[in-house]
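Welcome! Take a moment to turn the structure around on your screen, and then let us walk through it together.

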Amino acid sequence: MKKLKLKALRVLSNFVIMAVVLSVSSHSLFAEELRFSTPVPPNHIFSKVATKFSEDLKARTNGELDIKVFPFGELGSDPENAIMLGTGALNFAVIPAAFMANSEESLNAWFLPGLFNSVQDAGDATQLPAAKKMLAELDRQGMVGLGYVFAGMRLLISVDPVKSLSDITGKKISIFPVPIFNDWWLTFGAIPTAVPMPEIASALAINLIEVVDADLDLVAALKLYEQAPNLAMTSHMAFPGIVVVSKKWWESKSIEQRAVIRDVFAEAEAWGIKEQVLADAGNLNALKDAGVAITQIDKSSYADNATDILNQYVKKSPIIAEFYEQVKAQK
């Protein structure tokens with residue numbers, strides 16, 4: 001009897017081990033653990049859209065495409081992410097269009113000052129033919145552009161009040177390191193200064209910079225108002241990120257899988273635009289409650305400066321010219 005019990009235990013043990021092996025094998029065969037990098041904190045819209053897309057894709061594929069989101073540059077900076085996407089070491093990323101504009105000229109179209117009145121206006125422009133062309137141009141960089149995600153419209157947060165953009169003459173302003181931002185602020189006589197995002201708050205605290213070109217999500221996420229309690233609502237530019245996929249990884253997927261990924265992201269893209277419109281209103285109310293002084297600056301006050309940049313950049317790429325005309329026609 002004792003021998004029979006031992007034999008039964010061995011059979012049961014072998015069965016359990018086999019079940020575990022089959023489970024692990026099944027997971028490795030059918031589930032793919034992927035990585036998605038974002039350059040911003042988890043509560044920024046770029047990271048929120050990445051998380052929604054990842055969760056929805058996992059549900060839609062019954063766990064076969066399982067993405068883990070790494071926010072705030074945990075996997076590397078924008079240049080490092082671009083390299084990893086090209087080699088296939090990274091699967092997905094949100095990369096600011098401003099960074100990608102350093103290597104893809106047409107993306108400067110999104111930063112033509114005064115072109116959009118709101119996030120919703122910029123979001124509507126994602127469906128324009130020229131906006132799709134910009135994404136297609138990323139192919140030669142080893143990336144597939146799925147679409148766009150928008151932070152709030154650009155504004156200024158500053159140590160001293162900014163009542164008009166002439167007030168920033170001679171002041172050091174933190175900008176995204178891309179030529180069109182540099183050229184734009186030089187028209188006002190400001191001193192553009194590139195500061196890494198995690199260091200902006202400390203740079204304000206030690207007077208390395210006096211003004212920050214930012215969006216409401218960033219101001220709220222980094223609590224920049226603690227060092228710079230003045231907010232100038234300029235809405236001078238939109239600020240899209242581009243959701244990109246490693247071309248090397250993408251080409252290993254079936255046509256059906258690619259279609260599902262595009263479909264799921266299209267839903268996340270539309271959700272992100274609506275979410276950001278709501279988030280901007282919520283962030284603004286929170287900043288008011290925090291005692292931030294808020295000034296509205298009319299676009300007409302910087303129209304001449306905007307025209308200077310428009311005339312300069314619309315000549316740089318046929319796609320920029322097409323996009324500009326298509327946006328005007330859409331209004």
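How many helices and strands does the protein have? There are 13 helices and 11 strands; here helices (H or I, at least four residues) and strands (E, at least two) are DSSP runs, numbered from the N terminus. Before going further, please note that this is a predicted model, in which local features need pLDDT of at least 70 and side-chain atom pairs count only at pLDDT 80 or more, while totals for chains, interfaces and linings use all residues. Residues are numbered from 1 along each chain as its sequence is written, and side-chain values use heavy atoms, with hydrogens and water left out.

Let us begin with the overall picture. The C-alpha trace spans about 95 × 45 × 30 Å along the principal axes of the protein. About 15100 Å² of the protein is exposed, and carbon and sulfur atoms supply 57% of that area; such areas come from the Shrake-Rupley method with a 1.4 Å probe, and for residues only the protein chains shown count as cover. Of the 331 residues in the protein, 49% are buried. Buried means under 20% relative accessible area, exposed means over 50%, and partly exposed lies in between (1.4 Å probe, protein chains only). Now think about contacts, meaning heavy atoms within 4.5 Å. Among contacts between residues at least 6 apart in sequence, 77% join residues at least 24 apart.

Next, look inside. A nonpolar core is a set of buried Ala, Val, Leu, Ile, Met, Phe, Trp, Tyr and Cys residues joined through side-chain atoms within 4.5 Å. The largest one has 92 residues, and Phe53, Phe92, Trp110, Phe116, Phe181, Trp185 and Phe323 are those with the most contacts inside it. Leaving aside neighbours within four places in sequence, Phe53 is in contact with Phe36, Ile67, Phe92, Leu146, Ile261, Val264, Phe265 and Ala268. Another core, of 21 residues, lies apart from the largest one, and includes Ile157, Ala203, Leu204 and Leu284.

Phe323 also leads us to a pair of helices. Helix H6 (residues 129-136) and helix H13 (residues 318-330) pack at an angle of about 150°, with their axes 8 Å apart. Axes are lines fitted to C-alpha atoms, for helices over the stretch in contact, and angles run from 0 to 180 degrees between N-to-C directions. H6 and H13 are therefore roughly antiparallel to each other, a label for angles over 145 degrees (under 35 is roughly parallel, 65 to 115 roughly perpendicular, and the rest oblique). Pro129, Ala130, Ala131, Lys133 and Met134 of H6 meet Ile319, Glu322, Phe323 and Gln326 of H13.

Finally, visit a few single residues. Is Val144, in strand E4 (residues 143-150), buried or exposed? Val144 is buried, because its relative accessible area is 10%. Not counting neighbours within four places in sequence, Val144 is in contact with Val243, Val244, Val245, Lys247, Trp250 and Arg262. Lys253 sits in the loop between helix H10 (247-250) and helix H11 (255-289), and is buried too, with a relative accessible area of 13%. Beyond residues up to four places away in sequence, Lys253 touches Glu32 and Arg258.

In the loop between strand E2 (65-70) and helix H3 (78-87) you will find Phe72, whose phi is near 55°, a positive value in a residue other than glycine. Phe72 counts as partly exposed, because its relative accessibility is 36%.
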